Amino acid sequence: MSSPEIASLSWGQMKVKGCSTTYKDCKVWPGGSRTWDWRETGTNHSPGVQPADLEEVVKKGVKTMVIGRGMSEALQVPASTVEYLKSNGIEVLVLQTEKAVAEYNALAARGVKVGGVFHSTC
């Protein structure tokens, strides 16, 4: 099962190929995607992305995780979150969201089992 391409990204809006939903923030993995609702884990810009935000995607068997920090990189990614992924044998890329989407799409096109969480505003 391949990771779906992110078809478009603009401020506050993301579209995933094969999905009719427009996301503000989203999670993607081989075979699927859904809204990334920060309220589920109490995530805020600081301290930022928590392991709990990534567990669902990790469980899908990804080998690489791409984290989009927002258009202005306001979303933090603590070292503990990066360590959580590395301890699960997952390569981690933390980038500004436009760069993160480009990298994610390139990996997906090469058939890498890639997952991602993307913040589409600040």
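This is a short walk through one predicted model, from a small sheet to the helix across it, then to ring pairs and salt bridges.

I'll start with the sheet. It is an open sheet of 3 strands, in the order β1-β2-β3, and the pairing is antiparallel. As background, strands of a sheet pair through backbone hydrogen bonds, either parallel or antiparallel. Here β1 covers residues 6–10 and β3 covers 22–23, and these two stand at the edges. Each of the two has a single partner strand, so one side of each is left without a neighbour in the sheet. Strand β2, residues 13–16, pairs with β1 in the antiparallel sense over 4 bridges. If you want one position to look at, take Ile 6, which stands opposite Val 16 in β2.

Now the helix. Helix α3 lies across β1 and β2, and it runs at about 175 degrees to β1. One residue to pick out on this helix is Asn 105; α3 spans residues 97–109. Is Asn 105 buried or exposed? Its relative accessible area is 18%, and the cut-off for buried is under 20%, so Asn 105 counts as buried. What does Asn 105 touch, leaving aside its neighbours within four places in sequence? The contacts are Glu 5 and Ile 6. With Ile 6 there is also a polar approach: a polar atom of the Asn 105 side chain lies 2.8 Å from the backbone nitrogen of Ile 6. That is the Ile 6 we just saw opposite Val 16.

Next, the aromatic rings. How many aromatic pairs does a search of the whole structure find? The search finds 2. One joins Trp 36 and Trp 38, with ring centres 5.6 Å apart and planes at 50 degrees, so this pair is tilted. Trp 36 is buried at 3% relative accessible area, and Trp 38 counts as buried at 13%. There is also an aromatic pair between Tyr 104 and Phe 118, which is edge-to-face, at 5.6 Å centre to centre and 80 degrees between the planes. That pair links distant parts of the chain, since Tyr 104 sits in helix α3 and Phe 118 in strand β8, residues 114–119, 14 residues apart. Tyr 104 and Phe 118 are both buried. For Phe 118 the relative accessible area is 0%. To place Phe 118 against the start of the chain, compare it with Ser 2: they are 116 residues apart in sequence and 18 Å apart in space, C-alpha to C-alpha.

On to charges. Side chains of opposite charge can pair when their charged atoms come close. The structure holds 7 salt bridges, and I'll go through some of them.

Glu 56 forms a salt bridge with Arg 34, and the closest N and O atoms are 2.8 Å apart. Glu 56 lies in helix α1, residues 51–58, and Arg 34 in strand β5, residues 32–35, so the pair ties together parts that are 22 residues apart in sequence. Glu 56 counts as partly exposed at 25% relative accessibility, and Arg 34 is partly exposed, also with 25%. These two belong to a network of salt bridges that links Lys 27, Arg 34, Glu 40 and Glu 56.

Asp 37 and Arg 39 meet through their side chains in a salt bridge of 3.0 Å, N to O. Asp 37 is partly exposed at 22%, whereas Arg 39 is exposed at 73%.

Lys 24 forms a salt bridge with Asp 25, with 3.6 Å between the closest N and O atoms. Which end of this bridge is buried? Asp 25 is, at 4% relative accessibility. Lys 24 counts as partly exposed, at 43%.

Last, one residue back in strand β5, namely Ser 33. Its side chain makes a polar contact of 2.8 Å with the side chain of Tyr 23. Leaving aside neighbours within four places in sequence, Ser 33 is in contact with Val 16, Cys 19, Tyr 23, Lys 27 and Val 28. Two of those names have come up already: Val 16 as the residue opposite Ile 6, and Lys 27 as a member of the salt-bridge network.

That is where I'll stop.

How values were computed
Residues are numbered from 1 along each chain as its sequence is written. This is a predicted model: local features need pLDDT of at least 70, side-chain atom pairs count only at pLDDT 80 or more; totals for chains, interfaces and linings use all residues. Side-chain values use heavy atoms; hydrogens and water are left out. Buried means under 20% relative accessible area, exposed over 50%, partly exposed in between (1.4 Å probe, protein chains only). A polar contact is a pair of N or O atoms within 3.5 Å; within protein, one must be able to donate a hydrogen and the other to accept it, and residues adjacent in sequence count only if both atoms are side-chain atoms. Contact means heavy atoms within 4.5 Å. Rings of Phe, Tyr and Trp (its six-membered ring) pair if their centres lie within 6.5 Å; planes under 30 degrees apart count as stacked, over 60 as edge-to-face and the rest as tilted. Two strands pair if DSSP finds at least two bridges between them. Axes are lines fitted to C-alpha atoms, for helices over the stretch in contact, and angles run from 0 to 180 degrees between N-to-C directions. A salt bridge is a side-chain nitrogen of Lys or Arg within 4 Å of a carboxyl oxygen of Asp or Glu.
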